[in-house]
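Open the structure in your viewer and keep the selection panel at hand. The stops below go from a small part outward.

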Amino acid sequence: MNYNQCWLNYNPISNYPDKEVLSDIAIFTGVNKSSAIIENAVNELELALKRILNITINRQQHIEDAKQADAIQTGIILMITNSELKDEGFILKQEGNRILIQANTEQGLLYGTFDLIRRIAQGDRIKELDIRQNPKNNIRILNHWDNMDGSIERGYSGKSFFFENEELLVNDRTRDYARLIASVGINATVINNVNVRGAASELVTDRYLDKLRTMADIFEGYGIKLYLSANFAAPIEIGGLSVSDPLDKDVINWWDKCVRNIYSKIPSFGGFLIKADSEGRPGPFTYGRTHADGANMLARALKPYGGLLIWRCFVYNCQQDWRDYKTDRARAAYDNFIGLDGKFDDNVILQIKNGPMDFQVREPVSPLFGALKNTNMILEVQAAQEYTGQQRDVCYLIPMWKEILEFETYSKSGGSKISNIVSGNTYNQLNCGMAAVTNTGNDYNWTGHDLVASNLYGFGRLSWDTELSSEQIAREWILQTFPQDERVHNAVLDILLKSWSVYEKYTSPLGIGWMVNPHSHYGVNVDGYEYDRWGTYHRADRDGMGVDRTVKNGTGYVGQYNEPNASMYENKETCPEELLLFFHYIRYDYRLSSGKTLIQHIYDTHFEGVEDVIKMAKDWEGLKGLVASDIYERVSARFEMQLSNAKEWRDRVNTYFYRKSGKNDEKGRKIY
Ligand code: GCU
């Protein structure tokens, strides 16, 4: 299948100012010549320079001796140094007619090379470059929810490019995928769905290991570790044992043997990701054991080989009674894991979803991040737009992730915002970082909607450097994706930067979430989850709506936050308005800070949201002839779908609350 290269298309730049620095170029590699990483870095550089600037590299030289390399006056020089950098960090320097890329490891050189390419592709000057970078997070990992039949759970961009008919796919796309994600600093990937069923349970066995090795080797050449989601009940399902009790000797031996076998075939294997005791998946609870028992058992099998065990905290009661106002799904991650703080081995990492529910367009930050002090953590976000428009509606998610990273947890005095907790800085932990449930598939453009490749790009860049702004990331992506044209750049930037708030306007209001069609999670259905077992309610009645999660009268969820956050959320006057209905039951005639009543706010935002989509679609229309026609047509078609989705949301939400409340729209607009 044919496909494009997203931000690695390397569009030509006609008037690049520093071309002379790059002429008569040579690449000197003061490192192991036969290293796959170095070979890949050099090939990438060659490809990029050829395509962007039409420069052909005329010679390549391999120099072992650092002093000799130092004497070279012209060219791009990749050199291993011994400087105060993290393993993956790099230095980028321009001195006269040479550009130095230095790092302590080959992986660092690869990132330095991609950084240089990015600058050139963006048309940035490379004169006077003097850059030193280290990644903020050690683990920057993608989670693919790909199934072995080729389908993708919550996939909105075609089928899997890893699996088909229970077989592994290893082809050109495997390498291009590795190039794409390595270029933005991603260093690990889990290729199969967290819901491990059927043949996927056997990925850890000889049935698949040889082919996996081929894949892992390609990844390794780009500094990417291969991880697998494993089935906690594998000892039963494929091992012939009668239990998967983590304290059972036979079970322990089974996993030890299984892991030993994996590493004998794939020495670079990263480890396992586990979804256990969650939404019907097996886990330690069956045997009266804790998550720590389960995770540590697997972690100990991985430990001798340097492997990591990532354990998800998405554990909650999915058999709730909607009549029950006390049980609160939002509380679940904290309630399930807080008592286990400090009980996990050091190669166990808890992977926690950004919010307490499930990737809604607006949620507060999970309080678990601010509560665990002796546990490695990974922040899990979802680039796959399950609840944010499914890659039919444009929704650039970096502004949301930035807000999460900036949230101050007050876990420790002196600053403990999420970015520092998940980077391991706050509590001096090494095995920490960020994960994204990714949005890719085998569609021509990888992500279904051309504009949301920016989320994949942005996840990589943000997990490398959490201080980058949403705008900078968007600009970078645009400059590398589209041809040089300011009109295009400005229009796309504007669309991306407002897209999340536009999506929020026409969907569920003020943090309440859900209101989607059950199962598919696309499209409006206000009561879709209201009388169901999933613990996801808006509690609207004739007087008002929202879930009371206060300590005083509600579910007590607010009490899971540290002060002063707890008090801030407890009082509706100080609760951030965008989360008001998440934390409080509010009457329709309650006045918001804008002076509007809640009901008027709902009407207004829903009318506005649709107008905003119309405006975005129009702005895109203005780019006809300026962007490639296939991209133009694809994105236009998505805007059409988005507009009809937005109108449906507007009319159903407004009508629903008009009928519930009996309150008129002050502006007298059409409500049905
Ligand atoms: C959501 C999603 C599921 C997924 C689950 C998870 O519930 O709808 O498809 O399996 O999250 O994160 O494990």
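Select Glu386 and the ligand: a polar side-chain atom of Glu386 is 2.5 Å from a ligand oxygen atom, a polar contact being a pair of N or O atoms within 3.5 Å. Of the 310 Å² of accessible area that the ligand has on its own, the protein covers 96% (Shrake-Rupley method, 1.4 Å probe).

This is a predicted model, in which local features need pLDDT of at least 70 and side-chain atom pairs count only at pLDDT 80 or more, while totals for chains, interfaces and linings use all residues. Residues are numbered from 1 along each chain as its sequence is written, and side-chain values use heavy atoms, with hydrogens and water left out.

Next, add Lys275, where a side-chain N or O atom lies 2.6 Å from an oxygen atom of the ligand. Then add Arg154, which has a polar side-chain atom 2.9 Å from a ligand oxygen.

Now show the residues with a heavy atom within 4 Å of the ligand. There are 14 around the ligand, and the closest are Glu153, Lys275, Arg312, Lys353 and Glu386.

Finally, colour domain 1 (6–133), domain 2 (139–481) and domain 3 (482–547 + 585–672); these bounds come from an automatic or database domain assignment. Between domain 1 and domain 2, the C-alpha centres are 32 Å apart. At their contact (heavy atoms within 4.5 Å), 20 residues of domain 1 meet 26 residues of domain 2.

Key
Polar contact = N/O pair within 3.5 Å; in protein donor to acceptor, adjacent residues only side chain to side chain.
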